[in-house]
Amino acid sequence: MKRLETRIKQDGIVLSANVLKVDSFLNHQIDPQLMQEIGQEFASRFSTEGITKIVTIESSGIAPAVMAGLFLQVPVVFARKRKSLTLSEDLLTASVYSFTKKETNEISISKKYLHEDDKVLIIDDFLANGQAALGLVDIVYQSRANLAGIGIVIEKSFQEGATKLKNLGIRVESLARIADLSSGEVVFIKERAMEELAK
Ligand code: 5GP
């Protein structure tokens, strides 16, 4: 998605060879217009799948997921990272190791909001090693709902998450795919391919 790639180049801060900071439009301050375009793009990529529910994880997955839900006209349910006092009903849970926070969270979704007749689209902000996505996949499988695929705003393709998910036969649609951060600059997959061709 061109506009997203331009924004990442313009405002993304490469913190290390593995971590990109996008606090100015996705992870802290949120750009609603960009989120709207992101939601529209996810909705169009999964428009023929008969999606009935979007599943994401708090907190940064919620904005793109809600926008996709708006365009697909389906509810959005987010996994909680901490057990809420009001979340006392039956829960579906999975363990997720956080790449950025270096801690393990037990994530959970109430059984009330995921059913076996649901067709689910999982959405998240980043895909790195795939832990968050795999935790959500685990929860969807526990509910016996059908999984249509995963929509990712920013995939760091040099980490193993995308390959892991695709090897499980899961459709992954990423709106921006980063090949490399090691130079301190963001290099997208397409740019890397052009560089290789020019050699
Ligand atoms: P994974 O579980 O795929 O290893 O990591 C995905 C989760 O970690 C995302 O939900 C996101 O919150 C966070 N994350 C992973 N890599 C990055 C990164 O480079 N930048 C930011 N801001 N978050 C990241």
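Here is a walk through the packing in this predicted model, from its main nonpolar core out to three of its helices.

Let's start in the middle. The largest nonpolar core has 31 residues, and the members that touch the most others are Leu-4, Ile-8, Leu-20, Ile-38, Ile-51, Ile-54 and Ile-154. Two or more residues come from each of helices H1 (2-11), H2 (32-45) and H3 (62-72), and likewise from each of strands E7 (119-127), E8 (146-156) and E9 (172-180). H2 is the top contributor to this core, with five residues. A separate core of 26 residues lies apart from that one, and Val-55, Ala-79, Val-96 and Leu-147 are among its members. None of this is exotic: in soluble globular proteins, nonpolar side chains tend to be buried together.

Now pick out a couple of those well-connected residues. Ile-8 sits in helix H1. With a relative accessible area of 0%, Ile-8 is buried, since the cut-off is under 20%. Beyond its neighbours up to four places away in sequence, Ile-8 touches Leu-20, Phe-25, Ile-154, Ala-176, Val-186 and Phe-188. Its C-alpha atom is 9.2 Å from that of Lys-21, which is 13 residues away along the chain. Ile-38 has its own set of partners: leaving out residues within four places in sequence, it is in contact with Met-1, Leu-4, Pro-64, Val-153 and Leu-175.

So how do H1 and H2 meet? On the H1 side the residues are Arg-3, Leu-4 and Arg-7, and across from them in H2 are Gln-33, Leu-34, Glu-37 and Ile-38. The two helix axes come within 10 Å and cross at roughly 140°. That makes H1 and H2 oblique to each other, because only angles over 145 degrees would count as roughly antiparallel. The crossing is left-handed.

That leaves H3. Which of its residues are buried? They are Pro-64, Ala-65, Ala-68, Gly-69 and Leu-72. These cover an arc of only 140° around the axis, so they sit on the same side of H3. The spacing fits a simple rule: an α-helix has 3.6 residues a turn, so residues three or four places apart point the same way. As for what that side faces, the buried residues of H3 pack against H2, E7 and E8, and also against strands E3 (53-57) and E4 (76-79). Just after the helix, Gln-73 takes a positive phi of about 60°.

Technical notes. Residues are numbered from 1 along each chain as its sequence is written. This is a predicted model: local features need pLDDT of at least 70, side-chain atom pairs count only at pLDDT 80 or more; totals for chains, interfaces and linings use all residues. Side-chain values use heavy atoms; hydrogens and water are left out. A nonpolar core is a set of buried Ala, Val, Leu, Ile, Met, Phe, Trp, Tyr and Cys residues joined through side-chain atoms within 4.5 Å. Buried means under 20% relative accessible area, exposed over 50%, partly exposed in between (1.4 Å probe, protein chains only). Helices (H or I, at least four residues) and strands (E, at least two) are DSSP runs, numbered from the N terminus. Contact means heavy atoms within 4.5 Å. The arc is that of the directions from the helix axis to the C-beta atoms. Axes are lines fitted to C-alpha atoms, for helices over the stretch in contact, and angles run from 0 to 180 degrees between N-to-C directions. Angles under 35 degrees count as roughly parallel, over 145 as roughly antiparallel, 65 to 115 as roughly perpendicular and the rest as oblique. A crossing is left-handed if the near helix is turned anticlockwise from the far one by less than a right angle, and right-handed if clockwise.
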